[in-house]
Amino acid sequence: MARWLIGLTLGLCVGGAGVIFGLLPIGAAFEQGVGLPWLFHVRGPVRSPDGVAVVAMDGRTGEALGLPPLPRDWPRSIHAQLVDNLVARGASLIAFDVHFGQPKDPASDRAFVDAVTRAGNVVTVELLTGKRQPIADRSGRHVGTIWEEESQPPFQPLSTAVKGLASFPLPKAGASVSQFWVFKESADEAPTLPAVALQLRARGELPALIDRARTLAPIEGAALPDPERIFSDPTQLRHSMRELRSFFERLPQTAPVSDAAAADNPNTLQAALEALYRGPAHRFLNIYGPPGSIATVPYQSVIQGTDPNLDDKALDFTGKAVFVGYSDLFDPGQPDRFYTVFTRDDGVDLSGVEIAATAYANLLTDRSLTPVDPRVFVALLILFGIAAGTAVYVLPGHLGVSVALALAASYAVAAQYQFDSRGVVLPVAIPLLAQAPVALFAGLLGQYLIERRRGQRMGKAITNYLPDAIVRDLARNKLDPGKLNQVVYGTCLATDMAGFSTIAEKLAPGELAKFLNDYFETLAAPLKEHKVHVTEFRADAIMCAWIDERPSANPRRQALLAALDAADAIKDFQKRHDMPGAKLRIGLETGRIYVGHAGGGGRFVYSIVGDSANTASRVEGLNKHVGTQILATGAVVSGFENLVTRYLGDFQFVGKTEALPIYEVLTKRETATDRQLLLCESFDSAMSPHWEGSWFEASSLLEEFLEDFPDDGPARFFLERSRRFSNEPEQASNPRVIRMDAK
């Protein structure tokens, strides 16, 4: 398979794995718990909208106003004073994130209710409680459960005095808060506190929005509530907001109902109102920063009308929606607190009222966070996986890693830009912290395996030219340069094929090449089995060597055993090719040799050079004169009693000054036949007079020997020598030395 196709497959696997992980609950939690905080922290705090503020009750408010420490113990007349002061300072909306459940002091309660009535712009929370109820069939048998939610409004006079009632439950993912409901699905799509607050703030924009909606969808719009009745009481407002929500959900998402998006229409409040109803019921908080990022004014400062820590502008609430609740910016143990990505190092969390104000500000500016469309989510993860996985696998290692890291960095920058500029939440934790590492690991592992296979192929190829030990050291980067060219002790084995010229004459070049390859493969197997160190092919001949740093028996033993096994292997070769004339000749010698590079002109072979190698070739050539297959010098066979050998004399080769004892190697003693043992014993007896120079007696005994062993080559060679020296005895000054006049 092409490398790019494997890389593409790897990238698809990385992308697919990222999609599967991202669609699982654990992946969604990972993205929300790691990716979203990442985007917030990189972006950092931003300025909150001017149209919202928090009036905070904290641990110092009671003391400052001469009241009990806990707000629940305060007279409600103090809240009446707060409402009057906020209205006087221009607040367009007042939202209490405080549940006034039971009536208390009648006069104080009445003062509070009267102030709320005068203000005409107050909304307060009601508690939303839920519990699981059993379901039974007609027989009363329990068949399941159902989740039921019930609202608890404030005490009755206040419930009718306020303009809006709403709950403000917060969904939590793990330990942190990052989302809010606009319409609570499980509570019959009831609008929550931020939604009701926005609708009251934009009450003047609602008639125009409804009129345009009726124009675009006359039939559906006819059922929309009358704008004049929507704000008549909290119950009607809740019901009307549900109807508007249902209408806008059914309306095709083709064009905005409001014309506030036009360049010449600055009415963003109308656009925010439409987005309230057309947008998702469940949204992500676009938190502006750590606690206090929403303009926060102490409760007591509004009551007293001054604060030495604030300027007069801070107490000006003109056009602002003011959220009132418990928020202590100094006490990490405040009762109404929620962990968020901006929880301070000292443990101070965002208060519930500031989260409500943040949600309202998100709706007011239509800038709550927008999770990317699921189809885009899937496409991004697949494309990122394909790009990262393919790059790391296909490109060279350092380049692939660089490209993958650059891709990850570019994606992170793009995702951060979308988050900062548009509030769009792209997946970042999964691609950058899951897919990118997997792509790097899988891609680099694939490259490692490719390089490993390439190295193995190269090593296998190099093994055809260099010794295995050198190839292993080369592969491990442990090669000692001195090992490439060295003088060592070695046992050389030389082979040749008898009748090669005749065979080559009869075969076409291609057939000859196949014949030689089979021949060499046949011989190479026993050589390799006996751990040959260096092998050199020369035409139809082989020169190989077993080496050691100092003289030892092991190289000689391995060479002798390899020679015997090669002689057996050639028999199968002869049968395969029906060429009984393709005979093998082997010669062995031991001594110091040079192994290393030899050549010139930029072309080299790993070769065996030295007198021992030359002598092995001469010994191999002696086989054709004496009619043998395996010959070795005395130095090679010395000490090996487990071999069946016979002494053939001391031969002085052409160009040599010293004669070398030569032995024929027949077989291993444990596999020797009786005839082979008899041959050696009889040959030694027949050769005794020959070694003493008794040529006539030697001739007679060798003739008798050949009657029993008519095909024995050495007997024929020495019979001829005995007869020749019978006529010319002066030529044999030393009967044991045979001087060769030809190679």
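**Exercise 1. Determine how β22 and β24 run relative to each other in this predicted model, and which way the residues of β22 point.**

Solution. Begin with the pairing: β22 and β24 are joined by three bridges, and the two strands run antiparallel. To fix the register, take T633, whose bridge partner in β24 is I662. Next, follow the side chains along β22, which covers residues 630-633: I630 and A632 point one way, whereas L631 and T633 point the other way. Finally, check burial, for which the cut-off is under 20% relative accessible area; I630, L631, A632 and T633 are all buried.

**Exercise 2. Describe the largest pocket by its volume, its lining and the elements that supply the lining.**

Solution. The volume of the largest pocket is about 880 Å³. Its lining is made up of 31 residues, and those that lie nearest the centre are G627, T628, Q629, I630 and E664. I630 thus links this exercise to the previous one, since this residue also belongs to strand β22. Turning to the elements, at least two lining residues come from each of α21 (553-577), β20 (583-600), α22 (611-626), β24 (660-668), α24 (674-691) and α26 (713-727). Among these, α21 gives the most, with seven residues. As to chemical character, the lining divides into 11 nonpolar, nine polar and 11 charged residues.

**Exercise 3. Work out the strand order of the open sheet of six strands, and explain why one side of β6 and of β11 is left without a neighbour.**

Solution. Write down the order first: the open sheet reads β6-β3-β2-β12-β1-β11, and its pairing is parallel. The strands β6 (164-166) and β11 (296-298) stand at the edges and have a single partner strand each, so one side of each has no neighbour in the sheet. From one strand to the next, the twist averages 25°. For the edge at β11, the partner is β1 (residues 52-57), and this parallel pair is held over three bridges, with V55 having V297 as its bridge partner in β11.

**Exercise 4. Identify the strands that helices α4 and α7 lie across, and give the angle stated for each helix.**

Solution. Consider α4 (residues 77-88), which lies across β1, β2 (93-96), β3 (122-125) and β12 (321-326) and runs at about 155° to β2. Then consider α7 (residues 193-201), which lies across β2, β3, β6 and β12 and runs at about 160° to β6. Comparing the two lists shows that β2, β3 and β12 appear in both.

Definitions and conventions
Residues numbered from 1 in each chain as written. Predicted model: local features only at pLDDT ≥ 70, side-chain atom pairs only at ≥ 80, totals over all residues. Heavy atoms only, no water. Pairing = 2+ DSSP bridges. Helix = DSSP H or I, 4+ residues; strand = E, 2+ residues; numbered from the N terminus. Axes fitted to C-alpha atoms, helices over the stretch in contact; angles between N-to-C directions. Contact = heavy atoms within 4.5 Å. 1 Å grid on protein atoms, 1.4 Å probe; cavity = no way out; pocket = protein on both sides within 12 Å on 5 of 7 lines; lining within 4 Å. Points joined across faces, edges and corners; volume = space filled by probe spheres on them. Nonpolar A, V, L, I, M, F, W, Y, C, P; charged D, E, K, R; others polar. Buried < 20%, exposed > 50% of the residue type's maximum accessible area, 1.4 Å probe, protein only.
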